[in-house]
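Student: I should like to take a close look at one part of this model, namely helix α2 and its surroundings. Please set it in the context of the chain and then go through the residues concerned.

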There are 2 protein chains.
Amino acid sequence: MRKSLQKIVLAIAVTGTLHIAYAADPKPEEEIRYRQSAFNVIGRNFNALGAIAKGERPYDQAFAVKTAALLELLAPLPFGSFGPGTDKGALNKADPKIWTEQAKYKEAAEKFQVEIAKLSAAAKDLNSLKAQVGEIGKTCKGCHDDFRLKEARQ
Amino acid sequence: MRKSLQKIVLAIAVTGTLHIAYAADPKPEEEIRYRQSAFNVIGRNFNALGAIAKGERPYDQAFAVKTAALLELLAPLPFGSFGPGTDKGALNKADPKIWTEQAKYKEAAEKFQVEIAKLSAAAKDLNSLKAQVGEIGKTCKGCHDDFRLKEARQ
């Protein structure tokens, strides 16, 4: 109970607002696993569109639009699981800068959301899909370069 | 190469059709991680609707409909990663019966897809959401009872 209260106080301090957690308060290791899971599903599905963009897989409009819709819904999920105290608890590559450089981290995460939001429309046409996959890829790389460690740590 | 060919032959034998894998042939440990990731994201989001159904979280139509859309798109994903040779390679709880009782396993997986497909419509109203969350929950439990081991194995 005391730990939950500390977390709420920390959450208010970091975000300036109080988010009520309705689900059972997830443990740091659960948060780490969840964000890794969401990134894994995002990664494989984004790579499928990347293969189309690179000409390694034929363009199929229905598949591209459906995958874009999935990616758009998935995109915010991992970023909800980088709360205070979730830097440790399981092997993970999150750079401590995520918690010490919150403004820069949030800006990087926001860029990804902005570009992902354009994917559903772009997926309707091969050329626009190629261009948008490139734009999204840059935001992935930007955030990984700045906020993902090379080696996982406990 | 020989192993890939064996996999294709096995895939034809099991599914009766030939699915060409466009992405780089994923390793068993990647398939295990992917299906676990997809189930993890499905689980947390389904539990959020479960909390609404149980009255632990207030009903919010926009949230419920969006989460239902996400779940519908996620639902088929893990079942694409139980191919031949993916029973081992990383810690996992997949029961070997998945590969020896394919017809029964596919029937169980199909039940989940059928009920998930009704969730978007049901999410528009609290009472129908409650009922449909119950129906989906039964298909989760059914498949877990029959095809998920209690302890993970390598």
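Tutor: Of the 154 residues of chain A in this predicted model, 36% count as buried. The chain comprises 7 helices and 2 strands, and their order along the sequence is α-α-α-β-α-α-α-α-β.

Helix α2 of chain A covers residues 28-53. The relation between the chains is a suitable place to begin. A turn of 180 degrees, with a shift of 0.0 Å along the axis, lays chain A on chain B with an RMSD of 0.0 Å. This is the relation of a two-fold axis. Within chain A, the C-alpha nearest the axis belongs to A:Ser37, at 2.1 Å from it.

Helix α2 also takes part in a contact between the chains. A:Glu31 and B:Arg44 form a salt bridge in which the closest N and O atoms are 2.7 Å apart. Because A:Glu31 lies in helix α2 of chain A and B:Arg44 in helix α2 (residues 28-53) of chain B, this pair joins two chains. The two partners can also be described by their accessibility. A:Glu31 has a relative accessibility of 9% and therefore counts as buried, the cut-off being under 20%. B:Arg44, with a relative accessible area of 28%, is partly exposed. Over all chains, the count of salt bridges comes to 11.

Another charged residue of helix α2 in chain A is A:Arg33. With 47% relative accessibility, A:Arg33 counts as partly exposed. Together with B:Lys93, B:Arg148 and B:Lys150, A:Arg33 forms a positive surface patch.

For context, salt bridges are also found within helix α7 of chain A, which spans residues 126-147. One of them links A:Glu135 to A:Lys138, with the closest N and O atoms 3.1 Å apart. These residues are separated by 3 positions, about one turn of the helix. A:Glu135 is partly exposed at 33%, whereas A:Lys138 is exposed at 55%. A further bridge links A:Lys141 to A:Asp145, the closest N and O atoms being 2.6 Å apart; here the spacing is 4 residues, again about one turn of the helix. A:Lys141 counts as exposed at 53% relative accessibility, and A:Asp145 as partly exposed at 45%.

To return to helix α2, then: the salt bridge of A:Glu31 with B:Arg44 joins the two chains, and A:Arg33 contributes to a positive surface patch with residues of chain B.

Notes. Residues are numbered from 1 along each chain as its sequence is written. Chains are lettered from A and ligands numbered from 1 in the order in which they are written. This is a predicted model: local features need pLDDT of at least 70, side-chain atom pairs count only at pLDDT 80 or more; totals for chains, interfaces and linings use all residues. Side-chain values use heavy atoms; hydrogens and water are left out. Patches are made of residues with over 30% relative accessible area and no salt bridge: like charges are joined within 9 Å, nonpolar side chains (Val, Leu, Ile, Met, Phe, Trp, Tyr) within 5 Å. Accessible areas come from the Shrake-Rupley method with a 1.4 Å probe; for residues, only the protein chains shown count as cover. A salt bridge is a side-chain nitrogen of Lys or Arg within 4 Å of a carboxyl oxygen of Asp or Glu. Lys and Arg count as positive and Asp and Glu as negative; His and the chain ends are not counted. The place of a charge is taken as NZ of Lys, CZ of Arg, CG of Asp or CD of Glu. Buried means under 20% relative accessible area, exposed over 50%, partly exposed in between (1.4 Å probe, protein chains only). Copies are superposed by least squares on the C-alpha atoms of residues with pLDDT of at least 70 in both.
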